[in-house]
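Thanks for coming. I have one structure to go through today, and I will keep to what can be read from the model. Please look at it on the screen.

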Amino acid sequence: MTEWLLSGLASTGIPLLFLVTFLSCLMVPVPSSLLMLAAGAFAAGGDLSITAVVLASYSGAVLGDQAGYTAARLFQTRIDSALVGRANAARMMAAAKDRLSRRGGLTVFLTRWLMSPLGPYVNLTAGATGFGWMRFSVASAGGELVWVTLYAGLGWAFASNIDMIADLSGNITAALAAAFLAVLLGRHLRRSVRHAQ
């Protein structure tokens, strides 16, 4: 599928980029970050406009977040039923609910780019639990701006080394996520020790 999307990016360009970033926010497994890297590289080569790449990616991502949030508000019972029996989805929803209740807007912001696999679940959880729409929207818009400018910008800046950047960006994101989780685990352990004493 990735090769098909990359070849489609060369021919369809901006509409495909919008669609893929939109779908990625709704739990559709598409390589949106890789596509943004490639679009940034195409823009550096003059095949696409970097402004159009950023606007399409950003618009798709923000609208995808809003669609997930709104769907959960309107169809919470149906979404809950659809997730029954899917252990991974249930675990992700529980993690999203826990993080959202503790860190609110920061969770929304970070799950747009740093902990992105959790992002669609945070969208659903925020909508289902009545998390404030304005607070969600501001944090979502800020986080998506970081995600889009990071990936499209890396693709544009390092177009001649796009394979290396794709590998590097995945490693950096994984390292940042691991460090963030280590800090959270350390805090949790410290609290547990305090309560045990």
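On the surface there is a nonpolar patch formed by Phe18, Leu19 and Leu63. Together these residues have about 250 Å² of accessible area. Please keep in mind that this is a predicted model. Take Leu19 from that patch, which sits in helix α2, residues 14-24. Is Leu19 buried or exposed? Neither label fits, because its relative accessible area is 42%, and partly exposed is the class between under 20% and over 50%.

Now the overall layout. The protein has 10 helices and zero strands. Along the sequence, the pattern therefore reads α-α-α-α-α-α-α-α-α-α, given how helices and strands are assigned. Of its 197 residues, 40% count as buried.

Next, the charged pairs. As general background, side chains of opposite charge can pair when their charged atoms come close. How many salt bridges does the count give? The count comes to two.

One of them joins Asp65 to Arg112, with 3.0 Å between the closest N and O atoms. This pair links distant parts of the chain, 47 residues apart, with Asp65 in helix α4, residues 50-74, and Arg112 in helix α7. Asp65 counts as buried because its relative accessible area is 1%. Arg112 is buried as well, since its relative accessible area is 4%.

The other salt bridge is between Asp98 and Arg102, and here the closest N and O atoms are 2.9 Å apart. Where do Asp98 and Arg102 lie? Both are in helix α6, residues 87-103, at a separation of four residues, which is about one turn of the helix. Asp98 has 37% relative accessibility, so it counts as partly exposed. Arg102 is also partly exposed, because its value is 39%.

Last, the largest pocket. The space in it is about 300 Å³. Its lining is made of 19 residues, and those nearest the centre are Ser24, Ser32, Ser116, Pro117 and Pro120. Which helices each supply at least two residues of the lining? They are α3 (32-44), α7 (105-113), α8 (119-129) and α9 (133-157). The largest share, four residues, comes from α8. Sorted by class, the lining holds nine nonpolar, seven polar and three charged residues.

To recap the charged pairs, Asp65 with Arg112 links distant parts of the chain, whereas Asp98 and Arg102 lie together in helix α6. That is what I had to show.

Note on methods: Residues numbered from 1 in each chain as written. Predicted model: local features only at pLDDT ≥ 70, side-chain atom pairs only at ≥ 80, totals over all residues. Heavy atoms only, no water. 1 Å grid on protein atoms, 1.4 Å probe; cavity = no way out; pocket = protein on both sides within 12 Å on 5 of 7 lines; lining within 4 Å. Points joined across faces, edges and corners; volume = space filled by probe spheres on them. Nonpolar A, V, L, I, M, F, W, Y, C, P; charged D, E, K, R; others polar. Patch = residues over 30% accessible without salt bridge, like charges linked within 9 Å, V, L, I, M, F, W, Y side chains within 5 Å. Areas by Shrake-Rupley, 256 points an atom, 1.4 Å probe, with all protein chains shown as cover. Salt bridge = Lys/Arg side-chain N within 4 Å of Asp/Glu carboxyl O. Buried < 20%, exposed > 50% of the residue type's maximum accessible area, 1.4 Å probe, protein only.
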